[in-house]
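These are my notebook entries on a structure that I had not examined before. I set down what I looked up, in the order in which I took it.

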Amino acid sequence: MYDRILRLELPRPAKIVGFADDIAITVVAKHLDLVEFYSNETIRLVRAALTELGLQTADQKNEVLLVTSRKVTETITVRAGGHYITSAPCIRYLGVHIDARLRFEEHLRIVSDKANRVAGALLGLMPNIGGPRSSRRRLYANVVDLILLYGALAWSEAAKKQSYTRRAASIHRRACLRVFCGFCSISHEATYVLASIPPLTLLIDERSRLYSRRLESVGSEERAKTIEEWQAQWTRSRKGRWTHRLIPNITPWIERRHGEVDYHLTQLLTGHGCFRSYLCWSNNDTSDLCPVCPAAVEDVEHVAFRCPRFTEEREVLHRLFGGPLEPEMLVGFMLETESNWLAVSTFAHSVMTRLRGAKRGQEEDDRMMRYKVCRRAWVRSPLGEFSRFVFFAWCGRACARGGAGTTQKEDPGYVISLRSGKKKNPITVRAGSDRITISRSPRRGLTKLAIDGAQHSHDEVRSENHTHKRAPDAGAKAQLERMMVPEARTTLTR
Ligand SMILES: [Zn+2]
């Protein structure tokens with residue numbers, strides 16, 4: 001039935017495109033009045049043919065778009081039945097938003113918003129610790145790609161302008177990061193390799209190539225081309241070089257039949273984790289030196305391949321491999337068999353867990369933490385009364401700074417301000433095995449807290465509902481601590 005519409009004798013500059021119950025008419029002409037004339041004429045012919053077939057058109061639903069490269073914004077008005085329709089700056093046709101300049105900026109903005117919402121919802125399903133394994137996560141991440149790549153062949157030319165696709169690429173990367181539980185500081189290049197998902201620009205390019213050869217079955221051929229280009233970019237890039245040292249060739253990595261990447265293995269594969277060099281680089285530590293090896297920088301290579309602290313764990317791998325393992329051999333060894341992969345994964349887990357534990361202990365010992373932690377707790381006095389306290393812990397360099405309601409001390413200690421409770425006499429409470437004495441200082445409303453003389457430790461007074469307040473260069477560290485030590489919440493004796 002529709003064929004009759006498609007075979008209509010139309011004016012020469014007009015063409016007709018039909019899809020399901022949608023009809024699009026395109027008219028190409030040099031002047032506006034000619035465009036209007038041919039459009040009106042074509043619409044009249046199409047409407048007449050439809051009426052003959054016994055079909056009615058919803059004229060008020062028609063949309064008009066004037067595509068022009070002229071600087072001045074122009075509009076046209078065409079007639080459809082009894083309705084006059086003025087051209088809009090952007091229309092939606094078959095799910096693609098087409099604008100007057102064919103820049104597809106608006107389309108990319110709309111799909112990016114949508115993909116962002118979906119990615120946000122998916123991130124909730126995929127926490128860095130726990131959650132589904134990486135192969136399942138990749139499936140979820142593909143949902144974001146499908147949204148972003150819809151109609152890519154229409155706008156692939158526009159995507160060559162980087163500023164248009166920047167936001168879409170960043171959403172794509174965010175979804176990829178969650179596939180292998182990586183830190184957001186990992187470079188784009190390493191992210192795509194570890195997630196085994198090609199960069200967005202290459203995917204867009206692949207879609208448009210596939211469309212131009214849609215009559216042939218060339219899916220795998222085009223994918224091979226994409227991977228070749230991806231490999232060239234990965235080799236050329238100057239970012240993610242540790243990952244590149246481990247995984248120089250993309251193909252065996254992405255085509256592997258076994259092996260899940262998780263939070264701990266990712267730290268080993270990227271070098272972004274609880275290593276002092278990384279923490280120092282991200283302003284979360286004061287030194288990048290290994291605490292046991294003199295003059296050695298504690299980076300991923302040192303921890304995983306050199307540091308004597310982890311010899312025992314390393315020995316297990318060496319026995320399996322049949323000799324000492326170097327960074328360049330690691331991934332090849334993992335890809336050989338599933339049991340090798342599991343051995344490396346277990347190694348990464350135990351090394352990273354121990355390193356994180358050591359890091360925490362060291363932080364508490366060296367008193368060089370440069371942040372302020374504000375804690376609220378209910379403390380019971382010997383008389384059985386409850387008082388609500390706000391604790392401010394000052395350590396190391398932060399001693400020089402202060403704020404309202406706190407006292408500054410050179411010796412690391414706790415200064416608390418009594419926000420409620422009217423007690424004037426010193427209160428002694430027990431927290432774990434320590435005695436905490438709280439006494440009122442001569443300054444207004446301030447109360448002093450001492451834990452068994454000089455033995456202060458954060459854990460001993462960490463309350464259930466502590467909050468971290470931002471002090472100079474502190475927020476990032478407090479956040480890092482929260483991120484890395486989710487279980488570190490001890491309860492103050494109530
Ligand atoms: Zn060391």
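Entry 1, serine 196. I began with the surroundings of serine 196 in this predicted model. I found 19 C-beta neighbours inside 10 Å, so serine 196 counts as partly exposed, because a residue is called buried at 20 or more. I then asked where serine 196 is placed. Serine 196 sits in the loop between helix H7 (188-195) and helix H8 (200-212). Its phi is near 60 degrees, a positive value in a residue other than glycine. I noted for reference that most residues other than glycine have a negative phi.

Entry 2, leucine 94. I looked up a further residue with a positive phi, leucine 94, where the angle is near 50 degrees. Leucine 94 is located in the loop between strand S5 (90-93) and strand S6 (96-99). I counted 13 other C-beta atoms within 10 Å of leucine 94, which is therefore partly exposed.

Entry 3, the strands around leucine 94. I asked in which sense S5 and S6 pair, and over how many bridges. The pairing is antiparallel and runs over four bridges. I recorded that tyrosine 93 has valine 96, in S6, as its bridge partner. The two strands form a hairpin with two residues between them, and leucine 94 is in the turn.

Entry 4, the cores. I turned to the largest nonpolar core and found that it has 56 residues. Leu148, Cys176 and Ala195 are the residues with the most contacts inside this core. I asked which helix gives the core its largest share. That share, seven residues, comes from helix H17 (residues 338-366). Domain 2 (102-240) and domain 3 (256-359) each supply at least three residues to this core. Apart from this core I found another, of six residues, which include Val64, Leu66, Ala80 and Ala100.

Entry 5, cysteine 176. I listed what cysteine 176 touches, leaving out residues up to four places away in sequence. The list holds Ala141, Thr191, Tyr192, Ala195 and Ile197.

Entry 6, the chain as a whole. I closed with the totals for the protein chain, which has 494 residues, 28% of them counted as buried. Its secondary structure comes to 19 helices and 13 strands. Of the contacts with a separation of 6 or more, 60% are between residues 24 or more positions apart.

Terms used
Residues numbered from 1 in each chain as written. Predicted model: local features only at pLDDT ≥ 70, side-chain atom pairs only at ≥ 80, totals over all residues. Core = buried A, V, L, I, M, F, W, Y, C linked by C-beta atoms within 7 Å. Buried ≥ 20, exposed ≤ 12 C-beta atoms within 10 Å, placed from the backbone. Domains from an automatic or database assignment. Contact = placed C-beta atoms within 7 Å. Pairing = 2+ DSSP bridges.
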